[in-house]
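Colleague: Before I plan anything at the bench, could you take me through this model, one question at a time?

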Amino acid sequence: MAATSSPSEEDLLCPQCSEIYCVPVLLKCGHNICRVCLQKFWEWKGCRECPVCRAVSVPGRPPINLALKIAADEYQVLRSSRNQEVCLLHNEKLKIFCQNDEEPICLVCQTSKQHKVHECCPVEEAAQQKKIEISTSLESLRKKLRILNKTKEHWEETKTYIQTQAQQNENAIKEEFQKLHLFLWEEESTRLKVLKQEEEVKTQVMCEKLKNIKDQIKTLSSTISDIETALRAKDLPFLQDYKQTKKRVKCTLQEPECVRDILINSAKHLGSLKFEIWKKMANIVKYVPVTLDPNTAHSNLKFSEELTSVQYSSKQLLPDNPERCTSRLSVLGATGFTSGKHSWTVEVGQSKNWYIGVARESIQRKSTIFLNPAEGFWVIGLCNGDSYWAQTSPRTKLMLKQKPERITVELDCDKGKVVFISAADLITIHTFKDRFTEKIFPFLSPGLYEGGKISSSLKICPLTITVNVE
């Protein structure tokens, strides 16, 4: 290419880096490539071929295309002049970057009183360094955006499930109330109103959180787009806007919060429903000391009889809320205990696999765990229908003369004892002794399918109702 040909900018772009040629070399095939670009390509490729046509180059160093280099240099000078890349104070080219003031300066500025003791470096070096710095921060913003989008998706599902769960609870409440006499419809209406209010409040909370996170996503996306545009700018314009870009990249958005206790409190609406109106319907009311909490249950569990009976079922689409046990097929009681004595009887029936007992509030609910006191469990269980075990560490085999169908769990928080008793003959099966330092919850884990049939349920047995609960 002749030096006097007045080439256009397109003619001066390197086909490899798409920038104005910097020391272009001429290959045997006739293509021109920046010397540095060619060297990097050859090192990456492992052979000496043209990046454009893949023709193999001859050994030796390709010659510099002087005419093209001169034309590229002249174009750079012309473009610099057009962009007014000069110091406004001294009319000198901005070749230096002041690290202290974070702005481009000229050689005269560098020797002036204002910048004399400042740390300075060439514009090219500073641009490379600062682009790396901004790129690193940008990746952090992208990560935050991914987290925000994932959280938004989860919250969208949670909001939908709240409405579904509220509908399911409403249907269950109506079904229970249909069993009661006509004068109980007023009680039903009151409970439905409370449920509706909770649904509206919690749905509104999720709507507000979703609106907030959508606004954050919009703002953060806009910021990222602007920063990406800045990073595509040439060195000097980039550095001239560097202060503003740096301010924008320092995102102060907090990580999305973990929304707890946002699901409908099913235990409050469904737990011991009949007992609440027992004085009016004493003959048909049952009182159960433990209500199971479906918000803690594995997605393969289903409930019946006012959340007092649980068994294995087909998988349900449930939100992975923080309270839910996903690592083991289990469910916790709705109420925990920190003091006093408490007891309840579990009907295990003819199930061949089950675990019952208590667990502390801080158990690992999302990762693999062992059912022993060190992990926060004090339970016994039946395996394969023939062997009973106390889940100590190591576990202890229990020798029982007859297979119990109902087992009473007695918890003494103050003395640190959990006792398992056969309800039929009142024989103690096993006793755990420990020190409880946090809230303790009832724990149930039914078995899987048995021989192609659905496993038997685990059921909390009702207490005998008198005028006063004993």
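Colleague: Is E102 buried or exposed?
Modeller: In this predicted model, E102 lies in the loop between strand 3 (96–98) and strand 4 (103–105), and its phi is near 55°, a positive value in a residue other than glycine. Residues under 20% relative accessible area are called buried. Because its relative accessibility is 18%, E102 counts as buried.

Colleague: And which class of exposure does R54 fall into?
Modeller: R54 is found in the loop between helix 1 (35–45) and helix 2 (66–82), and R54 has a positive phi of about 65° although it is not a glycine. Most residues other than glycine have a negative phi. Exposed would require over 50% relative accessible area, and buried under 20%. With a relative accessibility of 41%, R54 therefore counts as partly exposed.

Colleague: Where is the proline whose peptide bond from S393 is cis?
Modeller: The bond in question runs from S393 to P394 and has omega near 0°, which is the cis form. Most peptide bonds are trans. As for its place in the chain, P394 is found in the loop between strand 12 (387–390) and strand 13 (396–398).

Colleague: Which strands stand at the edges of the open sheet?
Modeller: The open sheet is formed by 7 strands in the order 6-7-18-9-14-15-16, with antiparallel pairing. Each of the two edge strands has a single partner strand, so one side of each is left without a neighbour in the sheet, and these are strand 6 (301–304) and strand 16 (428–433).

Colleague: Which residue of strand 7 stands opposite K302?
Modeller: Strand 6 and strand 7 (residues 309–312) run antiparallel and are joined by 4 bridges. Within strand 7, the residue opposite K302 is Q311.

Colleague: Which residue of strand 17 is the bridge partner of G357?
Modeller: Strand 17 (residues 440–446) is mostly covered, with 7 of its 7 residues buried. Strand 10 (residues 354–360) runs antiparallel to strand 17 and is joined to it by 7 bridges, while strand 8 (residues 331–332), also antiparallel to strand 17, is joined to it by 2 bridges. In strand 8, L332 stands opposite F443 of strand 17, and the bridge partner of G357 is likewise F443.

Colleague: Why are the buried residues of helix 7 said to be on the same side?
Modeller: The buried residues in helix 7 (residues 242–249) are Y242, T245, K246 and V249. They are put on the same side of helix 7 because, around the axis, they cover an arc of only 100°.

Colleague: How far apart are the axes of helix 5 and helix 7?
Modeller: Helix 5 (185–231) is among the elements that cover the buried residues of helix 7, which also include helix 4 (123–177) and helix 6 (235–240). The crossing of helix 5 and helix 7 is left-handed, and the contact is made by S222, T223, D226, I227 and A230 of helix 5 and T245, R248 and V249 of helix 7. The two helices pack at an angle of about 145°, and their axes are apart by 10 Å.

Colleague: What separates the centres of domain 1 and domain 3?
Modeller: The chain is divided into domain 1 (10–82), domain 2 (164–284) and domain 3 (294–460). Taken over C-alpha atoms, the separation between the centres of domain 1 and domain 3 is 73 Å.

Definitions and conventions:
Residues numbered from 1 in each chain as written. Predicted model: local features only at pLDDT ≥ 70, side-chain atom pairs only at ≥ 80, totals over all residues. Heavy atoms only, no water. Pairing = 2+ DSSP bridges. Buried < 20%, exposed > 50% of the residue type's maximum accessible area, 1.4 Å probe, protein only. Arc of directions from axis to C-beta. Contact = heavy atoms within 4.5 Å. Domains from an automatic or database assignment. Axes fitted to C-alpha atoms, helices over the stretch in contact; angles between N-to-C directions. Left-handed = near helix turned anticlockwise from the far one by under 90°.
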